[in-house]
Amino acid sequence: MRVQHRRWLRALHPAALGTQLAVVGLLAVAALLVAPLRSILLPVTNWLAVALVIAGLHLHRPRRRAAWALVLLFVALVAIGNVSHLLTTITTHAQVITDVATFGGQLAAAGALPLLLRVARRTRASRQQQWQVRSPGGWLDATVLALVVALVAGELFARGLHHHRDEAMTWAIVLAPGVDALLVGVLLWLVFSRVRLLPAMALIVVGGFGCLLYDLLTTLAGQRVAAPGQALQALGVVNMLMFGLAALHPSMTALGDPRAPRHARRPSTQLLLLLPCALVPPALLSAHLLTGALHTPALLLLGASVLVFIAVAAHAVLALRYSELSAERDPLTGLLNRRGLARAYARMSASAASSRNRRVNKRSSGAHPAGALASPHSPASTPPTASPHAASPHPETSPALTPPALTPPALTPPALTPPALTPPALTPPALTPPALTPPALTPPAETWVLMVDLDDFKYVNDRYGHHSGDALLLSTAQRLHEAVGEHGVIARHGGDEFIVLLHPQRTSASASSIRASGAASAQGVADGIGTALSRPVQVAGQALCLTASIGIAHARLGDDLDDVLADADIAMYAAKDAGKDASSTFHPQLREDVVKTITLTEDLHRLLDAAVLHGSSASTSASTSTSTSTSTSTNNDLKGTSPDEHGPNAADLRDGAGQLKVVYQPVVDLSDGRVVGAEALVRWQQPHRGFIAPDDFLALAEREGLAALIDEVVLHRALAQLHHWDEAGMSGLTVSVNLGLSSTCDPQLPHRVLHALSVHGIAPHRLHLEITEHDALPDDDSVRAALHEIVGAGVVLALDDFGIGYTSLSYLRRYPISVLKLDRSLITHDDAASATLRAGIAALAATLGLTTIAEGIEHAPQGEQLHGLGIGYGQGYHYSPPLSPEAFATFYGTHLLRHPPHATQHTPG
């Protein structure tokens, strides 16, 4: 039974819909071609449709069963009516059953259609609430369609009444065509207004159209059911099976759900679909005028044609306007897009400039009434002179009323206006208006732009799917509207970035006051946005708390919008760098920092491109390099050509990018001070900036996807140097290489490591790979498998910076770690609590059988105390800072003379 049930499920799978429709098509063709089959296929397929609807209800168990109960009732009554019609030759009661069943089926269909209407109406309302751009032609579509359907239904009703009087037709046949026309109009409206219907609903719509066409053709022929053998029976075969296939499809559970047909057609598409309907009234009018066979008055047809034409023309105008507005809106959220944002900013700039000009003109006209300062007797060619009471010369100031004699001699060249021609008493000082502020001194209109970027939005898309991400964006848009309100306009800049353009402040205050109040207002809006977004939102059944990084930039209206957005973008990334869930206001220093970061990124790319370019030849030279002389008696014999200078992975650029250098900090045995190994540390040397600290470029490399490449360069460089030291007589040393997050999570890590060991001829146990809990590693099986493979090959795995985070113990459980490196913060503090912590960690390591290395030893007593706790190895500035390969060789030789090797020499790990 289970096997059979699974076979049925496979047959009813959504992917089998094409096969099912093909079978229905073959049955229809057979019914059309073979007339005797029609009377057999019709009842068989009708009852098969009933069985399919029942099976679909049992299989999918929809929550909204009212619509499907009506569908089942409709299909069953149609099947009963068709079977009883075949029995009319046997019993006289069969015709009564046929009429009752057919009429009942029409009532059931009429009851099911309002459920579809309710779906469309509710969906439309929800879309209007979510979107700012609404389809403007819905009511016009309904008007045109209602007029056309009313005309057709009225004509059919009139025709039926005429035949009822003349031919004594039954009322069922008289009224059925008009009712069919009304129901066709209902389905047409659904098709006109919605696109991408769910498969189950599309099948029901197709079946509904077929049933109405079947009923319309039979009733117009004076029958209630197609007579046995008629071709219309083939249409009856297809219609009922459409309802059965709809019930089998899983999307049937969405029938009656207000969210089911959630995609509205574009107004332009609605207009194209509406044009054929708009031709119906003129066609009816033409037929009436040519034949006179229609029963609808010509005047009514003419009025309907005019109304339909007006409605279609209005729809065309609104559709064009809608298209223009839609070009400025984001299709998902309804917010402004980039184009709409640019236009809004341009409108703000124009409005601010116009307002500013009006204020200037009003001030000028109020200070200088027309003709108040003009002298009709003054020659126009005489240049005006400056007044000591005016801020600047004014074109309306006449030399007859403003004598040059009042101007200090230093400001009026004697050659231009002789003092003797200007009587001092002609111009009273009070006639020179004091408020002659030029338009350039009017405070400019200013605004503020906020760039809002959702933090970790990619996680939502990856974890819950893009549909959930879209729902989250819609919720974000709504909350931004709540937070911003009437203070500005909102745009979606792309992805999870939103722009808030605040309205300019209209005040007569000074520019500095405007900027200060504007900054406070912008910060208040940013705080409100953060608060609004922090409320939990339901996504895929999970309550998520959103955070956002917000960049704030100041703009004078008229400034280039792209420049303002670039400033806001810089401030937004500064907020992200500060830890996210924060806001930052742009200032010039941020741009300088960004430029430095961009330059650093470009140099880093060039640097590592060169490393890849020289990698293969470098690796070969590293594995074959030999030392020209070896001796253990002098320190100079331990020095040789460093792989940093020529050879493996030098990555040496002469075009300004600089070069990566690897330095080595000795690791010593705390019992006797012997050098047992070295930690390879990368440094970046640039011609113009000198040495760049690892903290300044490693995090950048991680963000740019370059960290794994840097780790590989350091790995090859360190192994090549170890090989070089072996040839110089410094055998037995180990080397430690740090791995970043990208390298640790790389599934190719085992291959890369083992390949590097093979290339440089180094035994696996002499390589220590260090992972750190600073970069949270995922609890992933692939990461564990890769590290286990490396350790299984003999490489030693160490946990760096142990003791400062929260994941150290879990790392000991997850990964095959054999060496603990205590963080320097645990070593430098000498208080009792730190001493107790060090002792506890040493005891824990001893219990777990782990080797311990202490970092950051700066004084001899620290080394002695750590050795007393059972910690075997250490490194720090007390022994040596990180050294170049040559300096390390010298240091090793010096210590070799002081601390000769034991018969049994141990190395960490």
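In the predicted model, Val489 stands opposite Leu501 in strand S3. This pair belongs to the contact between strand S2 (residues 488-494) and S3, which pair in the antiparallel sense over six bridges. The two strands form a hairpin with two residues between them, where Gly495 takes a positive phi near 60°. On strand S1 (residues 446-454), the pairing with S3 is likewise described as antiparallel, with five bridges. Here Leu450 is the residue opposite Val500 in S3.

Strand S3 itself (residues 497-502) is mostly covered, with six of its six residues buried. In a regular strand, side chains alternate between the two faces of the sheet. In S3, Glu497, Ile499 and Leu501 point one way, whereas Phe498, Val500 and Leu502 point the other way. Both sets of side chains are buried. Leu501, the residue opposite Val489, and Val500, the residue opposite Leu450, thus fall in opposite-pointing sets.

A second covered strand is S13 (residues 796-802), in which seven of seven residues are buried. Strand S12 (residues 767-772) runs parallel to S13 and is joined to it by five bridges. Within this pairing, Glu770 stands opposite Ala798. Strand S14 (residues 819-822) also runs parallel to S13, with three bridges between the two. Ala798 has a bridge partner in S14 as well, namely Val819. Ala798 of S13 is therefore matched with Glu770 and with Val819, and is buried under the cut-off of under 20% relative accessible area.

Two patches were found on the surface. The nonpolar patch consists of Val29, Leu32, Leu33, Val34, Leu37, Ile40 and Val44, which together have about 620 Å² of accessible area. Helix H2 (17-33) and helix H3 (35-60) each supply at least two residues of this patch. Leu37 lies in helix H3. Leu37 counts as partly exposed because its relative accessibility is 31%, which lies between the limits of 20% and 50%.

The other patch is negative and is formed by Asp559, Asp560, Asp562 and Asp563. Asp559 is located in the loop between strand S6 (548-556) and helix H17 (561-577). With a relative accessibility of 35%, Asp559 is also classed as partly exposed.

Conventions. Residues are numbered from 1 along each chain as its sequence is written. This is a predicted model: local features need pLDDT of at least 70, side-chain atom pairs count only at pLDDT 80 or more; totals for chains, interfaces and linings use all residues. Side-chain values use heavy atoms; hydrogens and water are left out. Patches are made of residues with over 30% relative accessible area and no salt bridge: like charges are joined within 9 Å, nonpolar side chains (Val, Leu, Ile, Met, Phe, Trp, Tyr) within 5 Å. Accessible areas come from the Shrake-Rupley method with a 1.4 Å probe; for residues, only the protein chains shown count as cover. A salt bridge is a side-chain nitrogen of Lys or Arg within 4 Å of a carboxyl oxygen of Asp or Glu. Helices (H or I, at least four residues) and strands (E, at least two) are DSSP runs, numbered from the N terminus. Buried means under 20% relative accessible area, exposed over 50%, partly exposed in between (1.4 Å probe, protein chains only). Two strands pair if DSSP finds at least two bridges between them. Lys and Arg count as positive and Asp and Glu as negative; His and the chain ends are not counted. The place of a charge is taken as NZ of Lys, CZ of Arg, CG of Asp or CD of Glu.
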